[in-house]
Amino acid sequence: MQILNDIEKGEGKTLEFKEQMPQNNQIAKTAVAFSNTAGGKIIMGVKDGLNEIIGLDPDEIPKLRELIVNTIADSCEPQISPEIFTQNIDGKIILIIRIYPGSKKPYFLKKEGINNGTYLRIDNVNKKGDSNAVRRLMLEGENIAYDEDINMEFKIEELDLNAILTQLEKLTGKKFTENVLENLKLIKSKNGKKYPTNALIALLGLKNYKIRCARFKGNDAVEFIDQKEIEGTIFEQIIMAEKFLKSHLNLSGKIEGLQRKDSYEIPFIALREALINAVVHRDYSILGSDIKVSISDSLLEITSPGSLPNTINIDNLGTGCSEVRNPIIARIFKETKFIEQWGSGFCKIFNECEKYGLKKPEVIETSFLKVRFYRPLVGDRTIVDDTKLDRTIVDDMNENHKKIILYISENGSATSTEIENLIDLKRSRTREILKEMVEENILEMKGKARSTRYTLKNN
């Protein structure tokens with residue numbers, strides 16, 4: 001039974017539980033939040049937290065239905081028409097209040113007004129929307145996407161379009177002019193003047209739209225090893241973020257036939273899809289928040305401002321379902337071949353990681369959308385050539401050993417001076433480590449005196 005499956009999963013973006021009718025305006029607030037986002041169900045007669053069905057008194061149901069209808073009608077603007085019905089589960093009666101996504105957004109609580117009483121459903125919380133959220137909902141109510149809306153903070157003559165025009169021409173092989181940008185709805189006219197749409201502002205990387213990248217020491221997001229704040233056009237930001245990812249991921253090599261094939265510890269196709277997804281589908285109405293790329297010893301996370309679009313939930317990601325939040329930006333990315341097929345992004349992310357034998361990436365939705373990749377443990381992955389070392393490196397091998405193995409794997413061999421610079425230790429300690437690794441049959445020495453080089457031992 002579907003309702004039992006829903007209850008078992010617990011509260012979320014489209015589901016809320018109530019033991020009984022609350023005394024405050026919580027029902028109306030949830031009705032507003034559901035109407036402004038993806039719709040949902042309020043199930044009365046279920047204990048929150050325990051997901052336990054306790055049921056309602058059947059004699060109270062008629063009075064309760066009337067109270068719910070009146071509360072929503074009296075408290076919400078525009079009018080919300082809930083669908084209310086009961087269901088008997090093992091002799092216990094629950095009341096289900098179904099709220100559909102509204103077509104007259106924004107919905108708000110009358111007493112609080114549109115600016116203070118507009119709520120959104122974020123995960124299992126009703127969150128008050130700010131002025132940007134209210135504006136976005138107004139556009140949705142008019143069936144206009146945020147990226148289609150004119151941005152009157154800028155005039156076309158004030159903007160330098162050369163960089164983005166050059167990039168678009170290079171990526172598509174087509175000639176781009178202001179007229180073409182108008183046809184693509186990147187430029188619109190109002191009162192005889194030309195203005196950029198929010199899509200063009202995003203493509204130009206204005207209004208502080210940027211990507212922040214960080215490599216943290218260990219697994220705590222406290223101490224930086226490296227960080228970069230990437231600005232520029234949207235395509236420049238993607239290219240620089242990809243370079244940052246590559247510079248901090250382990251590269252492994254494998255001999256296939258007569259060729260060496262290198263690959264990153266996490267399939268780069270999956271990482272690129274997650275990065276492009278973050279850029280194309282982020283909520284550009286949320287200002288002051290950036291796309292974030294975070295790398296720790298065990299995790300790699302790509303976070304984008306905004307939750308999932310209304311018709312999408314975490315359960316149907318990777319099934320081919322698609323809703324485009326930013327149709328103008330998405331069309332540009334389709335034209336430039338950054339997007340190959342609608343709805344294929346998460347399919348590709350999950351499938352590529354499965355091919356690598358990696359743990360399935362986790363998708364976390366709050367007011368942001370985070371895609372979390374699990375970096376393979378050193379003991380679980382090939383980090384050097386199959387022909388040079390056993391396929392796994394023991395988990396308890398220290399960091400200096402790992403650095404040396406990776407360096408020699410990528411360069412073929414190394415001198416003691418190179419290793420000394422690599423691990424940043426004194427010469428005497430470096431030679432002790434190299435001696436240990438030779439005795440453990442990890443490395444072997446070739447040559448004598450100053451011509452001595454270390455290579456990986458064929459175990």
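**Notebook: a six-stranded sheet and a helix pair**

I looked up I211 and found that I211 stands opposite I230 in strand 14. I note at the outset that the model I am reading is predicted.

Entry on the strand pair. I then asked how strand 13 and strand 14 are joined. Strand 13, residues 211-216, runs antiparallel to strand 14, and six bridges join the two.

Entry on the sheet. I traced the strand order next and recorded 14-13-17-18-20-19 for an open sheet of six strands with mixed pairing. Strand 14 (224-230) and strand 19 (362-365) are the edge strands, each of which pairs on one side only. For the twist I noted that neighbouring strands of this sheet are turned by 15° against each other on average, with direction ignored.

Entry on the covering helix. I looked for what lies across these strands and found helix 10, residues 268-281. Helix 10 lies across strand 13, strand 17 (291-295), strand 18 (299-305) and strand 20 (368-374). I recorded its direction as about 20° to strand 18.

Entry on the helix pair. I turned to helix 13 (residues 399-411) and helix 14 (residues 416-423), whose axes come within 10 Å and cross at roughly 130°. Because of that angle, I entered helix 13 as oblique to helix 14. The crossing in which helix 13 passes helix 14 is right-handed. On the side of helix 13, I listed N400, K403, I404 and Y407 as making the contact; helix 14 contributes E418, I419, L422 and I423. Sorted by character, the residues of this contact comprise five nonpolar, one polar and two charged.

Notes. Residues are numbered from 1 along each chain as its sequence is written. This is a predicted model: local features need pLDDT of at least 70, side-chain atom pairs count only at pLDDT 80 or more; totals for chains, interfaces and linings use all residues. Side-chain values use heavy atoms; hydrogens and water are left out. Two strands pair if DSSP finds at least two bridges between them. Helices (H or I, at least four residues) and strands (E, at least two) are DSSP runs, numbered from the N terminus. Axes are lines fitted to C-alpha atoms, for helices over the stretch in contact, and angles run from 0 to 180 degrees between N-to-C directions. Contact means heavy atoms within 4.5 Å. Angles under 35 degrees count as roughly parallel, over 145 as roughly antiparallel, 65 to 115 as roughly perpendicular and the rest as oblique. A crossing is left-handed if the near helix is turned anticlockwise from the far one by less than a right angle, and right-handed if clockwise. Ala, Val, Leu, Ile, Met, Phe, Trp, Tyr, Cys and Pro count as nonpolar, Asp, Glu, Lys and Arg as charged, and the others, Gly among them, as polar.
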